[in-house]
Each structure stands twice: as C-alpha cells, then as structure tokens.
Amino acid sequence: MKKLILGLAVLSSMALAKPEIVIKKPWVRLMPPTSHVSAAYMEIENKGNSPDTLISAKSSVSYITQLHETINKNGMSKMIRVRGLVIKPHQTFVLKPGGYHIMLIKLKHPLKAGGKVTLWLRFKHSGVKKIEAPVENK
Ligand SMILES: [Cu+2]
C-alpha cells in the first residue's frame, strides 16, 4: 500500500509539472518596400512549472523563418542562428531589437503598416502556438 501511494504521488507530481506558454506583445518591424527581410519580436511567458523550448517558427509573409540572436563581436553587430530558445518556468523570455528575434527571410510581399502577420511558433512541449502580430513602424 505504501508503495502504491508513493507511486501515485510521483505520477501526480509528473502530471502537474508542465509548461504554460503565453505570448505577449507580438509585433513585426515595418521595413522599406525594397527590403526582403524583417523580424518579429514578442514576450514569451512561461506560467508553468517546467521549462519549454521554442524550436522553430513559420510566418505567413516569409519563405524562410529562423530563430536569431544579435551579438556584438569586436564592436561589430551580427546575427547568428540559434537552435532553440529555452523558456524557464515562471519566467518571461523577451525577444527585442538588438537581441533575440524571429527572422523573416525572403518576404513574399512588402509589409504594410497596420497589417498583420500570422506566426506559428513550435514549442517542444506545448506544441504549435498560432499568433497574430501587427506590423509596426518603431
Ligand atoms: Cu536575424
């Protein structure tokens, strides 16, 4: 009996340990019509009690969508592709200009101010989250 109760306790704690992902303040940067790239930014909050990882993204406006980080090396700013972004429990991961971002490459058409971009974010545990990000000139 003692073993059974212990087993149940382990099971229920496993069931309770899960991430809960909430996407906040998404936006896509308005670029000149001649640009073939842009980027999406947002805050990814994990309200759950175990980590999750953003592993990939797709967008309605680009043929290629990658997770990037902007880094400074020897005074030069450059972007590198990252494999995944770990969102720790009870933390908010911020994607912002000059830091982590979702790179939109080979735009299908120029972005318009006031327009919307659909993004599909694939998380390791939470699956795909579909969001609408406004195009903003900032
Ligand atoms: Cu980039």
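# Exercises on a predicted β-rich chain

Among the contacts in this chain that join residues at least 6 apart in sequence, 69% link residues at least 24 apart. The model is a predicted one, and the exercises below work through it from the overall layout to single residues.

## Exercise 1

Describe the secondary structure of the chain and state what share of its residues is buried.

Solution. Begin with the elements: the chain holds one helix and ten strands. Next, follow their order from the N terminus, where the helix comes before the strands in the run α-β-β-β-β-β-β-β-β-β-β. Finally, turn to burial, for which the chain of 138 residues gives a figure of 21% buried.

## Exercise 2

Determine which strands supply at least two residues each to the largest nonpolar core, and which of them gives the most.

Solution. The core in question has 21 residues, and those with the most contacts inside it are Ala-39, Ala-40, Leu-54, Ile-102, Leu-104, Val-117 and Leu-119. At least two residues of this core come from each of β2 (37-46), β3 (52-59), β8 (100-107) and β9 (116-123). Of the elements that contribute, β2 gives the most, with five residues.

## Exercise 3

Decide whether Ile-102 is buried or exposed, and list its contacts beyond the neighbours within four places in sequence.

Solution. First locate the residue, which is found in strand β8. Then count its surroundings: Ile-102 is buried because 27 other C-beta atoms lie within 10 Å, where the cut-off for burial is 20 or more. With the neighbours within four places set aside, Ile-102 is in contact with Ala-39, Ala-40, Ala-57, Thr-65, Leu-67 and Leu-95. As a distance across the sequence, the C-alpha atoms of Ile-102 and Ser-56 are separated by 9.0 Å, although the two residues are 46 apart along the chain. For Leu-104, under the same exclusion of neighbours within four places, the contacts are Val-37, Ser-38, Ala-39, Ala-40, Ser-59, Val-61, Ser-62 and Thr-65.

## Exercise 4

Establish where Asn-74 and His-90 lie, and whether each is buried or exposed.

Solution. Take Asn-74 to begin with: it is not a glycine, yet it has a positive phi of about 50°, and its place is in the loop between β4 (62-73) and β5 (76-81). Asn-74 counts as exposed because it has 5 C-beta neighbours inside 10 Å, the limit for exposure being 12 or fewer. His-90, likewise not a glycine, has a positive phi of about 60° and is found in the loop between β6 (85-87) and β7 (91-95). With 10 C-beta neighbours inside 10 Å, His-90 also counts as exposed.

How values were computed. Residues are numbered from 1 along each chain as its sequence is written. This is a predicted model: local features need pLDDT of at least 70, side-chain atom pairs count only at pLDDT 80 or more; totals for chains, interfaces and linings use all residues. A nonpolar core is a set of buried Ala, Val, Leu, Ile, Met, Phe, Trp, Tyr and Cys residues joined through C-beta atoms within 7 Å. Helices (H or I, at least four residues) and strands (E, at least two) are DSSP runs, numbered from the N terminus. Two residues are in contact if their C-beta atoms, placed from the backbone, lie within 7 Å.
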